[in-house]
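Take a look at the model below. The paragraphs after it walk through the fold step by step.

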Amino acid sequence: MSEFTPLRSVLYMPSSNERALEKAKSIACDALILDLEDAVAPDAKPAAREAAAAAAASGDYGRRSVTIRVNGIGTEWHDADIAAASQAGPTAIVVPKVNSADEVAQLVAAMEKAGAPDHTTLWAMVETPVAILDALAIARASERLGAFVLGTNDLVKELYAEHVPGRAPILPSLHTALLAGRAAGIAVIDGVYNDVKDTDGFLAECEQGRQMGFDGKTLIHPGQVEGANTAFAPSEQAVADAQGLIAAWEDGMGAGVVTHNGKMVENLHVESARRTLSIHEAIQALSAD
């Protein structure tokens, strides 16, 4: 199996809903975010914390990456959330509104103090102007930081912007987060699409996210999983082209100029083709689960 971990479809699930946690075992998403924050009422948070920790530790979710989103730094639930999530050992702990490299260091120290296993990374939600402006420092703050998760709803709100098709008001912010994430070598996951009934709008935003370079998209409804999985996976044609390009490169090694489909092939094209195939192979392995 490839070391690449697909994150095409990252589905939020309320940890206070036992039926939702059970249903998640059969949803074909690449990753789950078991939510303790927005989707959970204050009086339900302690029970949700226990349920999320038990689910993450259960091993019942197959190859899916299982993460836990804790309540933010400074809230009354944050410390207990970090401790419980760290002990459960999920794929990652997702933290909302991470605004600085210092906060990353604080979070990583808390995870390690609570006994988080080595495989549990930190996913930082980037959803404020200051986080965008300091994105590179945040992305490089710790080897334990594994991903940026874009919080586009909060970002739109904080910018006093509007939700519009094409997302022009926040495109500079999305690009900045992507640049920082790629510079630091971490995954970058796009924000949610709010209208679960608007399939065309959702698919258009998935396509936009894939073209921009996101690894995948966070989702708020199981009905969005298939569309995200398709949008962020290499097409059959892309896989065939990658295989052909690599074969041409290997056959032509030492021959000087190498061409494929009439175009000159350079090492950067080979690297892109190999990434395409690694994504395809990892998705095939996930689908076989």
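Is Cys206 buried or exposed? Cys206 is buried, at a relative accessible area of 0%. Keep in mind that this is a predicted model. Cys29 is buried as well, with a relative accessible area of 2%. A disulfide is a covalent bond between the sulfur atoms of two cysteines. How many disulfides does a search of the whole structure find? The answer is zero. Cys29 takes part in none, and its nearest cysteine sulfur, that of Cys206, is 14 Å away. Seen from the other end, Cys206 is also in no disulfide, and the nearest cysteine sulfur is that of Cys29. The cut-off for a disulfide is 2.5 Å between the sulfur atoms, so a sulfur 14 Å away does not qualify.

Now step back to the whole chain. The protein has 289 residues and a radius of gyration of 20 Å. A compact globule of that length would come near 19 Å, so the value agrees with a compact globule. Along the principal axes, the C-alpha atoms fill a box of roughly 65 × 40 × 40 Å. Buried residues account for 50% of the 289. The secondary structure amounts to 12 helices and 10 strands. Consider contacts between residues at least 6 apart in sequence: 69% of them join residues at least 24 apart.

Next, follow one stretch of sheet. Strand β5 spans residues 121-126, and five of its six residues are buried. On one pairing, β5 meets strand β4 (residues 92-95) in the parallel sense, over four bridges. Between these two strands the chain passes through helix α4, residues 101-113, and this β-α-β crossover is right-handed. On another pairing, β5 runs parallel to strand β6 (residues 145-150), joined by five bridges. Trp123 shows up in both pairings. Its bridge partner in one is Val94, and in β6 its partner is Ala147.

What lies in the interior? In soluble globular proteins, nonpolar side chains tend to be buried together. Here the largest nonpolar core holds 61 residues. Which of its residues touch the most other members? They are Leu32, Leu34 and Phe148. Helix α2, residues 45-58, gives this core its largest share, five residues. Leu34 deserves a closer look. Leaving out residues up to four places away in sequence, Leu34 touches a set of residues that includes Met13, Leu21, Ala52, Ala55, Ala56, Val66 and Ile68. Ser15, Thr67 and Arg69 are also among the residues that Leu34 touches. A second core, separate from the first, has 14 residues, among them Val10, Met125, Ala147 and Ile189. Ala147 thus links back to the sheet, as the β6 bridge partner of Trp123.

Finish with the backbone of one loop. It connects α7 (152-158) and α8 (171-184), and Tyr160 is found there. Phi of Tyr160 is positive, near 60 degrees, although the residue is not a glycine. Arg167 lies in the loop between α7 and α8 too. Arg167 has a positive phi of about 55 degrees and is likewise not a glycine. Which of these two residues is buried, and which is exposed? Tyr160 counts as exposed, because its relative accessibility is 79%. Arg167 is buried, with a relative accessible area of 6%.

Definitions and conventions
Residues are numbered from 1 along each chain as its sequence is written. This is a predicted model: local features need pLDDT of at least 70, side-chain atom pairs count only at pLDDT 80 or more; totals for chains, interfaces and linings use all residues. Side-chain values use heavy atoms; hydrogens and water are left out. Buried means under 20% relative accessible area, exposed over 50%, partly exposed in between (1.4 Å probe, protein chains only). Two strands pair if DSSP finds at least two bridges between them. A crossover is right-handed if, with the strands pointing away from the viewer, the path from the first strand over the helix to the second runs clockwise. A nonpolar core is a set of buried Ala, Val, Leu, Ile, Met, Phe, Trp, Tyr and Cys residues joined through side-chain atoms within 4.5 Å. Contact means heavy atoms within 4.5 Å. The radius of gyration is taken over C-alpha atoms; the globule rule is 2.2 Å times the number of residues to the power 0.38.
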